[in-house]
Amino acid sequence: MAEPGNSAAETQPRPHRRPNPNEKLVKVFDSEQEPEALVVKGLLDSAGIDSDLTSASLVQDAFPGLGGMLILVREEDAEAAQRAIAEGLQSPAADDETAEIPIIEEPPQKA
């Protein structure tokens, strides 16, 4: 017989789903730009944090997306979500190597 708190179901990650609107949800991100909000939602999805992307607009039928976008998560996931967002939106590491292409002043002569 399994002891409470040690079942396999409790140790498995939650299936990815949107938070239930009846749960206590908190805003962890907002943006006027929908693409930026989609990137942040992707960061949360990658971190395994369920989130809901919603429009802040009151005129949703006439102008969808106008007025900004909000990302909501469960209250218990808010701290992890804010950490994931902060880490994901940092600038690239200083050791990020980029290709350097030499600039040729004159194109090579054709034979």
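## A partly exposed leucine in helix 2

Leu38 has a relative accessible area of 45% and is therefore partly exposed, a class that lies between the limits of 20% for buried and 50% for exposed residues. Leu38 has its place in helix 2, and a separation of 33 residues in sequence from Ile71 corresponds to a C-alpha to C-alpha distance of 9.2 Å in space. These values, like those that follow, come from a predicted model.

## Overall arrangement

The chain contains 3 helices and 3 strands, and along the sequence these elements follow the pattern α-β-α-β-β-α. Of the 111 residues in the chain, 24% are buried. Among contacts with a separation of 6 or more, 65% are made by residues that stand 24 or more positions apart.

## The sheet

The 3 strands form an open sheet in which the order is 1-3-2 and the pairing is antiparallel. Strand 1 and strand 2 are the edge strands, each of them pairing on one side only, and neighbouring strands of the sheet are turned against each other by 30 degrees on average when direction is ignored. Strand 3 pairs with strand 1 in the antiparallel sense over 6 bridges, and strand 2 pairs with strand 3, also in the antiparallel sense, over 5 bridges.

The register between the strands can be followed through individual partners. On the side of strand 1, Val26 has Val73 of strand 3 as its bridge partner, while Lys27 stands opposite Leu72 in strand 3. On the side of strand 2, Ser51 has Val73 of strand 3 as its bridge partner, and Ser55 stands opposite Met69 in strand 3. Val73 is thus named as the partner of both Val26 and Ser51.

Two of the strands can also be described by their burial. Strand 3, which spans residues 69–74, is mostly covered, with 5 of its 6 residues buried. Strand 2, at residues 51–55, is likewise mostly covered, and here 4 of the 5 residues are buried.

## Helices on the sheet

Helix 2 packs on the sheet and touches strand 1, strand 2 and strand 3, with a direction that makes about 20 degrees with that of strand 3. Helix 3 lies across strand 1 and strand 3, and the angle at which helix 3 runs to strand 1 is about 20 degrees.

The two helices also pack against each other, at an angle of about 120 degrees and with their axes 9 Å apart. Angles from 65 to 115 degrees would count as roughly perpendicular and those over 145 as roughly antiparallel; helix 2 and helix 3 are therefore oblique to each other. Where helix 2 passes helix 3, the crossing is right-handed. On the side of helix 2 the contact is made by Val40, Leu43 and Leu44, and on the side of helix 3 by Ala81, Ala84, Ile85 and Gly88.

## The nonpolar core

In soluble globular proteins, nonpolar side chains tend to be buried together. In this model the largest nonpolar core has 14 residues, and those with the most contacts inside this core are Val28, Leu44, Ile71 and Val73. The elements that contribute two or more residues are strand 1 (25–31), helix 2 (34–46), strand 3 and helix 3 (78–88), and helix 3 gives the most, with 4 residues.

Val73 shows how several parts of the chain meet at one residue. When neighbours within four places in sequence are left aside, Val73 is in contact with Lys24, Leu25, Val26, Val28, Leu44, Ile49, Asp50, Ser51, Ala78 and Ala81. This list includes both of the bridge partners described above, Val26 and Ser51. Leu44 and Ala81, which are also on the list, belong to the contact between helix 2 and helix 3.

Conventions:
Residues numbered from 1 in each chain as written. Predicted model: local features only at pLDDT ≥ 70, side-chain atom pairs only at ≥ 80, totals over all residues. Heavy atoms only, no water. Buried < 20%, exposed > 50% of the residue type's maximum accessible area, 1.4 Å probe, protein only. Pairing = 2+ DSSP bridges. Core = buried A, V, L, I, M, F, W, Y, C linked by side-chain atoms within 4.5 Å. Contact = heavy atoms within 4.5 Å. Axes fitted to C-alpha atoms, helices over the stretch in contact; angles between N-to-C directions. Parallel < 35°, antiparallel > 145°, perpendicular 65-115°, else oblique. Left-handed = near helix turned anticlockwise from the far one by under 90°.
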